[in-house]
Amino acid sequence: MSARRTAYISHPSSLAHEMGVGHPEQPARVSAIEDRLKAAWIFDFLEQNNAQPVTPEQLVRAHTQPYLDRLASAAPTEDGALARVDPDTAMNRHTLEAASRAAGAAVQAVDLVLGGSVGAAFCNVRPPGHHAEREQAMGFCFYNNVAVGALHALEAHGLQRVAVVDFDVHYGNGTADILGDDPRVLLCSSYQYPLYPLAGPARETASMSNVTLRAGDGGDAFREAVTASWFPALKRFAPELILFSAGFDAHAEDPLAELRLVEDDYAWVTREILRRTRASAGLRAVSTLEGGYDLSALGRAATVHIQALMEPDAGF
């Protein structure tokens, strides 16, 4: 297999964080992706890395210290105990370590890609992050992994422009809260509306390019809207690095939403984003897992996304 060097970052703590029996954001999500990568004979071509914990300095770029202190004080210390932060989101005794490693994976991926040791990286970690606001955990999320990674690229590596591409079916309200007014960031989002977490249309700023989809929309509607909205914005912005908030719950088989994307749509959007930003970003990309709750669909969709990241010339 001819492939460019691509990092795969994960950690056993992602399997220890649980939010209760039957919760859709379950440890098996990580295993579903890894198992599919192995079945497709891709896993051994990825450069394996254990996720490192995020540092306090890296984390406080995206979240306030009082918020972080509140989470730490609320975290359970006993096996089997759950501390609920909203009706759908809870911590067990392993959650904050898993969240630290998930945010740390994004930082580690940025370091690897910008350091030139790999061309791209995929973070198979949980909990996800794009609903976590600067001062609020919600929507299965505690630390905003992609925002931590983006701010690390800007502050520690001195980049001037980064793009966050979020194709999760749910709007990344947390990423918008943290990064939506930062002129160094272009936030490209696609999402079903109406759907959690939006009570009304997503806000618009000069740093955002939003694609709103309706229940029943499939690949044709997604591709048309992305081509009309994201691609011109990316061309104007000329990002130096792409960060994917890679949620796969817009898949037709996902139980939590009503869009109709299939594997080819995820491969297409990954290749097109890399191709259209090649002149400025040089195919440098970091991807971190967000949603995706049908295990089979998640494994298949994530695998084609990773394959597109691995292509030696982004498929072209």
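Which residues of H6 are buried? I put this to the structure, which is a predicted model.

**Entry 1, helix H6.** I listed the buried residues of H6 as Asn-145, Val-146, Ala-147, Val-148, Gly-149, Ala-150, Leu-151, His-152, Ala-153 and Leu-154. The helix covers residues 145–155, and ten of its eleven residues are buried, so H6 is largely enclosed by the rest of the structure.

**Entry 2, overall fold.** I noted eleven helices and ten strands in the protein. The radius of gyration is 18 Å, close to the 20 Å that the globule rule gives for 316 residues, so the protein is as compact as a globular protein of that length. I recorded a C-alpha trace spanning about 50 × 45 × 40 Å along the principal axes.

**Entry 3, burial and contacts.** I found that buried residues account for 61% of the 316 residues. I then took the contacts between residues at least 6 apart in sequence; 75% of them join residues at least 24 apart.

**Entry 4, surface and charge.** I noted an accessible surface of about 11,800 Å², with 50% of it belonging to carbon and sulfur atoms. I recorded 26 positive and 39 negative side chains, the centres of the two sets lying 6 Å apart.

**Entry 5, aromatic rings.** I recorded ten aromatic pairs in the structure. In one, the ring centres of Phe-222 and Trp-230 are 6.4 Å apart and the planes stand at 85°; because planes over 60 degrees apart count as edge-to-face, I entered this pair as edge-to-face. Both Phe-222 and Trp-230 are buried. I also noted a cluster in which ring pairs link Phe-167, Phe-244, Phe-248 and Tyr-266.

Technical notes. Residues numbered from 1 in each chain as written. Predicted model: local features only at pLDDT ≥ 70, side-chain atom pairs only at ≥ 80, totals over all residues. Heavy atoms only, no water. Buried < 20%, exposed > 50% of the residue type's maximum accessible area, 1.4 Å probe, protein only. Helix = DSSP H or I, 4+ residues; strand = E, 2+ residues; numbered from the N terminus. Rg over C-alpha atoms; globule rule 2.2 N^0.38 Å. Contact = heavy atoms within 4.5 Å. Areas by Shrake-Rupley, 256 points an atom, 1.4 Å probe, with all protein chains shown as cover. Lys, Arg positive; Asp, Glu negative; His and termini not counted. Charge placed at Lys NZ, Arg CZ, Asp CG, Glu CD. Phe/Tyr/Trp six-rings, centres within 6.5 Å; stacked < 30°, edge-to-face > 60°.
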